[in-house]
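Colleague: Could you take me through the sheet in this model, strand by strand, along with whatever packs on it? I'd love a close look at that one part.

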Amino acid sequence: MAPSGIDGRRILVVEDDSSARESITLLLRIDRHVVTEATNGREAIDLVRRQPFDLVVLDFVMPGMLGGEVALKIKLMAPTLPILMLTAYLEKLNDSDKPVDAVLGKPFAVDELRGVVERLFSPQTAANIQASQPINQTETQ
C-alpha cells in the first residue's frame, strides 16, 4: 500500500542493472507512481530535457557517466527537480559526487526507499530544494 499523499508522481529511474531497475520500478508502480526507465546517464539527461519529472532515482555507478555527473547535468537543467542517489559505494562518494537531495545505500529495505521518496515529496523538502538550501542526506550502512 502506498504511503498517503505521494501517489501519482512522475519518477525517472536510472539504473544500468536490469534486475535492480525492474525491482525499483515495480515498487514505485505498486505505490501508484508513473515510472519511466533509463539504463544510463545520457538517456536520463535526454529524458529530462524532453519531459517533466517529479523525482529522479539515480544509480551512482553506471558505465559511461557516473551518477554524480548525471545529477549535476540534471540540476543545471532542472534545479528544483529532486534527485535520490542509490549506491552500494557510500564510502566512495565525495561532495562533488552528491549534487543530490538524498542518498540511499544499497542494499536497502522497501520501507527505506518509500520513506526517502515520501520525504522528498514533503512540502518542507520541496521548499528547501526550491530555495537551493542543503537538506540532510539519508544514508544507510
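Modeller: Happy to; here is the sheet, followed by the helices that lie across it. This is a predicted model, where local features need pLDDT of at least 70 and side-chain atom pairs count only at pLDDT 80 or more, while totals for chains, interfaces and linings use all residues. Residues are numbered from 1 along each chain as its sequence is written, and side-chain values use heavy atoms, with hydrogens and water left out.

The sheet is open and has five strands in the order β2-β1-β3-β4-β5, with parallel pairing. Helices (H or I, at least four residues) and strands (E, at least two) are DSSP runs numbered from the N terminus, and two strands pair if DSSP finds at least two bridges between them. β2 and β5 each have a single partner strand, so one side of each edge strand is left without a neighbour in the sheet. From one strand to the next, the twist averages 20 degrees; axes are lines fitted to C-alpha atoms, for helices over the stretch in contact, and angles run from 0 to 180 degrees between N-to-C directions.

Towards the β5 edge, β4 (residues 83–87) pairs with β5 in the parallel sense over four bridges, and Leu84 has Ala102 in β5 as its bridge partner. After β5 (102–105), the loop to α4 (110–120) contains Pro107, and the peptide bond from Lys106 to Pro107 is cis, with omega near -5 degrees.

As for the helices, α1 lies across β1 (10–14), β2, β3 (55–59) and β4, at about 170 degrees to β2; contact here means heavy atoms within 4.5 Å. Helix α2 (residues 41–50) lies across β1, β2 and β3, at about 135 degrees to β2.
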